[in-house]
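Visitor: I would like to learn how to read the features of a model one by one. Could you take me through them with a general idea and then a case?

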Amino acid sequence: MLINLSEALCTASFEAERDAAIDMDVYEDGIHSFPILEKEPVHLKIRNAGSGKASLEGSSKVKLKAFCDRCLKDVELSIPLTFERDVASPDTRDPFEDDMAFMEDFDLNVDVLISNEILLNMPDKILCKPDCKGLCKKCGKDLNMGDCGCDDFVPDPRMAAIKEIFDANKEV
């Protein structure tokens, strides 16, 4: 959804509140695609911040379908979004700044803005539960369901040379 900000950028005492719908149904971060299960409209407070400038304050909430980073189970991830951004008109905007990719001339692209905010607020690790045990490295069984019985001993590679010495001197 595009919102025209020309009045906010040009009128000195401009203040307004608007609700904008989020049109995207899938969030893509460049590696993964996350279906959007629920989305609240973006509530925006728009104010003039000087000649050719405006400030935006916004809030929304989205719920994404993701997967656990350890056991790969589906997880519903709720992400609250609150943000403050300053925007500039095309004639006062620095062409080398990439932080206003959500502006198209005098229009605010809400979907690009929300996509950027989801990226900034996405957790580093997505877990189905805080103590998720993950998958067995050998057989792939979900360790949250119980132990698989695989030998999980991993020898220290730094000790390999010493092990070879002991193995060479071992009597058969």
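Visitor: Is F34 buried or exposed, and what is its relative accessible area?

Guide: Bear in mind first that this is a predicted model. With the limit for burial set at under 20% relative accessible area, F34 is buried, because its relative accessible area is 4%. Y27, at 2% relative accessibility, counts as buried as well.

Visitor: How many aromatic pairs are there, and how are the rings of Y27 and F34 arranged?

Guide: The count comes to one aromatic pair. The ring centres of Y27 and F34 lie 6.1 Å apart and their planes meet at 20°, and since planes under 30 degrees apart count as stacked, this pair is stacked.

Visitor: What span should helix 2 have, and what distance separates its end C-alpha atoms?

Guide: The idea is to multiply a rise of 1.5 Å by one less than the number of residues. Helix 2 covers residues 110-121, twelve residues in number, so a span of 16 Å is expected, and the end C-alpha atoms are 16 Å apart, which agrees.

Visitor: Which residues of helix 2 are buried, and which contact is found at its start?

Guide: The buried residues of helix 2 are V110, D111, L113, I114, S115, E117 and I118. At the start of the helix, the backbone nitrogen of D111 has a side-chain oxygen of N109 within 3.2 Å.

Visitor: Where do residues other than glycine have a positive phi in this model?

Guide: Most residues other than glycine have a negative phi. L72 is not a glycine, yet its phi is positive at about 70°; this residue sits in the loop between strand 6 (53-67) and strand 7 (74-88), and its relative accessibility of 52% makes it exposed. D105, likewise a residue other than glycine, has a positive phi near 55° and belongs to the loop between strand 8 (103-104) and strand 9 (107-109), where its relative accessible area of 54% means that D105 is exposed.

Visitor: What is the volume of the largest pocket, and which residues lie nearest its centre?

Guide: Empty space is revealed by rolling a probe the size of a water molecule over the atoms. In this model, the largest pocket has a volume of about 290 Å³. Its lining is made up of 14 residues, and those nearest the pocket centre are C136, K137, L143, D151 and D152.

Visitor: How does that lining divide by residue character?

Guide: The lining of the largest pocket holds seven nonpolar residues, one polar residue and six charged residues.

Technical notes
Residues numbered from 1 in each chain as written. Predicted model: local features only at pLDDT ≥ 70, side-chain atom pairs only at ≥ 80, totals over all residues. Heavy atoms only, no water. Phe/Tyr/Trp six-rings, centres within 6.5 Å; stacked < 30°, edge-to-face > 60°. Buried < 20%, exposed > 50% of the residue type's maximum accessible area, 1.4 Å probe, protein only. Helix = DSSP H or I, 4+ residues; strand = E, 2+ residues; numbered from the N terminus. Polar contact = N/O pair within 3.5 Å; in protein donor to acceptor, adjacent residues only side chain to side chain. 1 Å grid on protein atoms, 1.4 Å probe; cavity = no way out; pocket = protein on both sides within 12 Å on 5 of 7 lines; lining within 4 Å. Points joined across faces, edges and corners; volume = space filled by probe spheres on them. Nonpolar A, V, L, I, M, F, W, Y, C, P; charged D, E, K, R; others polar.
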